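Work through the exercises below with the coordinates open. Each task is followed by its solution in steps.

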Amino acid sequence: MSYQVLARKWRPRNFSEMVGQEHVLQALINALDHDRLHHAYLFTGTRGVGKTTIARILAKSLNCEQGVGSQPCGQCSSCCELDQGRFIDLIEVDAASRTKVEDTRDLLDNVQYAPTRGRYKVYLIDEVHMLSTHSFNALLKTLEEPPPHVKFLLATTDPQKLPVTVLSRCLQFNLKRLPLDLIAQHLQFILNEEQVQFDEAAVKLIAKSADGSLRDALSLMDQAISYGNGHLREQQTGAMLGTIDRDYIVTLARALVAKEPGSILDAIAQVAEHSPDFDHLLAELLSFFHQVAVHQMLGQGAKNDETDDLAKAIADEISAEDLQLYYQIALNGRRDLPLSPDPRTGLEMIMLRMITFCPVIPEQQGRGKASAQANKSRVQASKQQIASARKSTTITNGSQQTRIPDKPVAAEQGGQSDKWSEIVKSLGLDGMAKQLAANCVVKNFVDEKLHLLVAPSHASMLSAGIEQRLNSALVAYYGHNINLHIETGETAALNEKTPAEQLKKEQQHRLKQAEQAIAQDDNIRALKETFNAQVLPNSVQPRDNE
């Protein structure tokens, strides 16, 4: 017996064998079991998600000799002929090859005749959006009022091209892309049934490459098994699919974090030796940036299986601002990549653009070694000045005394919350570390031991990497070691406002002043009286220098 490809061999023959699409299946099952059948159904969705398969199962359910129902017997002659594709009353039409109005009229001439074998004559028109305008016009009247023995099943990947007159005459079901995990699970089931040895990593590679299409996944798996001589292995599957080794992606990301042009070009050169698809490489880099951003924003609360240890490590080394900039440049770079002289040059320019437009100019792109050395000298001198000028201020918080070491400043310091707000502004932090510091209050600060309190609502920002960045900034600020400890608790218990709460209060105050100024402005009053004008809500914003 000749070999049958997996996509055909494992094509579902009843609703219970379908993978996913429960929202469509449940509606059809209920309609079949309760005799609430429509005369025309439209199935939409991307390729390989089950449109034609569901239509064929529906045709079988309508014509099973055991009666109309959601569970056709699969044994009667009608069911067998439908499974074998030779049921005379199932007329399958490929609209892509029969677009002429004459073809549609020939098809509809037989609608009036009763079915030959089955209970219903079923017209299954695939890629129905390919019909011409005249063909749609010829179909409309029959589609609206077909004979009682006729059912129309339409399928398309592009429903936007269908006239609204056709859409209004059909029950429409939109089939979704299948999730990666669901595809991988079904592939493993088939591999076990076929007794094929496989690596789970190889299955995930195929499921990801299928992009939501189960048929594409089965076709790729067929190809990968042949490539692997009857086995499904990660290395061979990756070579067949042309996927990029994750290590190269991480190497590129680390070079970006370090802002080292030489390392970036070296990493691209290593990848180029394997003749990759550079557009696919950018897509993988974007996916990795997404994983880093998720972990960076949610910290320990991230519930993303794809966020691996490598993404977590990068999340602690890069600021949120830089990450978002890199993502946006890479996203726009994919669009412009075909316009570059060659893909490798385009990728190199995209990644060099990332560090060129980064707010902090890397030393390698500065004014040479002299500039870098001068910058280091200024930093060292600043640290020495801070250390020599260090003093401490004692602040009373109720019955508890909290010592916050101070730096010489021109203005007099206020309460504890004001003092911490000033320190946070001077730390030079960004990203999640800045957000964490701004949402803390000082519990106590004695003998180089700083104890901060963060509300439970912001506890998701706590991570070892972010706390280390905050601790390093404090060390640089004071010029000596700081032992930082942050715990979760209600900050309101200390009767102090966090820097973020203070800033919000200040912004609200400035906004109120701006609204009052607008309301009292003579020109605004004149406009209101003369033209019955109104100030748009949320359109008033205070100036930055107010």
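The exercises go from the whole chain to one helix pair and then to single residues. The model is a predicted one.

**Exercise 1. Overall description**

Task: State how many helices and strands the protein has, what share of its residues is buried, and what share of its contacts is long-range in sequence.

Solution:
- Step 1. The secondary structure consists of 23 helices and 10 strands.
- Step 2. The protein has 546 residues, and 42% of them count as buried, with under 20% relative accessible area as the cut-off.
- Step 3. Take the contacts with a separation of 6 or more; 71% of them join residues 24 or more positions apart.
- Step 4. The exposed area of the protein is about 30,000 Å², of which carbon and sulfur atoms supply 48%.

**Exercise 2. A helix pair**

Task: Describe how α13 and α17 are oriented to each other, and list the residues through which they meet.

Solution:
- Step 1. Two quantities describe a pair of packed helices: the angle between the axes and the distance between them.
- Step 2. Helix α13 covers residues 261-272 and helix α17 covers residues 343-356; their axes come within 10 Å and cross at roughly 155 degrees.
- Step 3. Angles over 145 degrees count as roughly antiparallel, so α13 and α17 are roughly antiparallel to each other.
- Step 4. The handedness of the α13 and α17 crossing is right-handed.
- Step 5. On the α13 side, the residues are Pro 261, Ile 264, Leu 265, Ile 268, Ala 269 and Ala 272; on the α17 side, they are Arg 344, Leu 347, Glu 348, Met 351, Leu 352 and Ile 355.
- Step 6. Sorted by class, this contact has 10 nonpolar and 2 charged residues, and no polar ones.

**Exercise 3. Positive phi outside glycine**

Task: Find where Glu 127 and Asn 229 lie, and give the phi of Glu 127 and of Asn 229.

Solution:
- Step 1. Glu 127 is in the loop that runs between β3 (121-126) and α6 (133-144).
- Step 2. Although Glu 127 is not a glycine, its phi is positive, about 50 degrees.
- Step 3. Asn 229 is in the loop between α10 (214-227) and α11 (234-241).
- Step 4. Asn 229, also not a glycine, has a positive phi of about 55 degrees.
- Step 5. The relative accessibility of Asn 229 is 69%, so Asn 229 counts as exposed.

**Exercise 4. Lys 512**

Task: Is Lys 512 buried or exposed, and how far is its C-alpha atom from that of Val 540?

Solution:
- Step 1. Lys 512 belongs to helix α22 (residues 499-520).
- Step 2. Lys 512 has 52% relative accessibility and therefore counts as exposed.
- Step 3. Lys 512 and Val 540 are 28 residues apart along the chain, and their C-alpha atoms are separated by 9.4 Å.

Key:
Residues are numbered from 1 along each chain as its sequence is written. This is a predicted model: local features need pLDDT of at least 70, side-chain atom pairs count only at pLDDT 80 or more; totals for chains, interfaces and linings use all residues. Side-chain values use heavy atoms; hydrogens and water are left out. Helices (H or I, at least four residues) and strands (E, at least two) are DSSP runs, numbered from the N terminus. Buried means under 20% relative accessible area, exposed over 50%, partly exposed in between (1.4 Å probe, protein chains only). Contact means heavy atoms within 4.5 Å. Accessible areas come from the Shrake-Rupley method with a 1.4 Å probe; for residues, only the protein chains shown count as cover. Axes are lines fitted to C-alpha atoms, for helices over the stretch in contact, and angles run from 0 to 180 degrees between N-to-C directions. Angles under 35 degrees count as roughly parallel, over 145 as roughly antiparallel, 65 to 115 as roughly perpendicular and the rest as oblique. A crossing is left-handed if the near helix is turned anticlockwise from the far one by less than a right angle, and right-handed if clockwise. Ala, Val, Leu, Ile, Met, Phe, Trp, Tyr, Cys and Pro count as nonpolar, Asp, Glu, Lys and Arg as charged, and the others, Gly among them, as polar.
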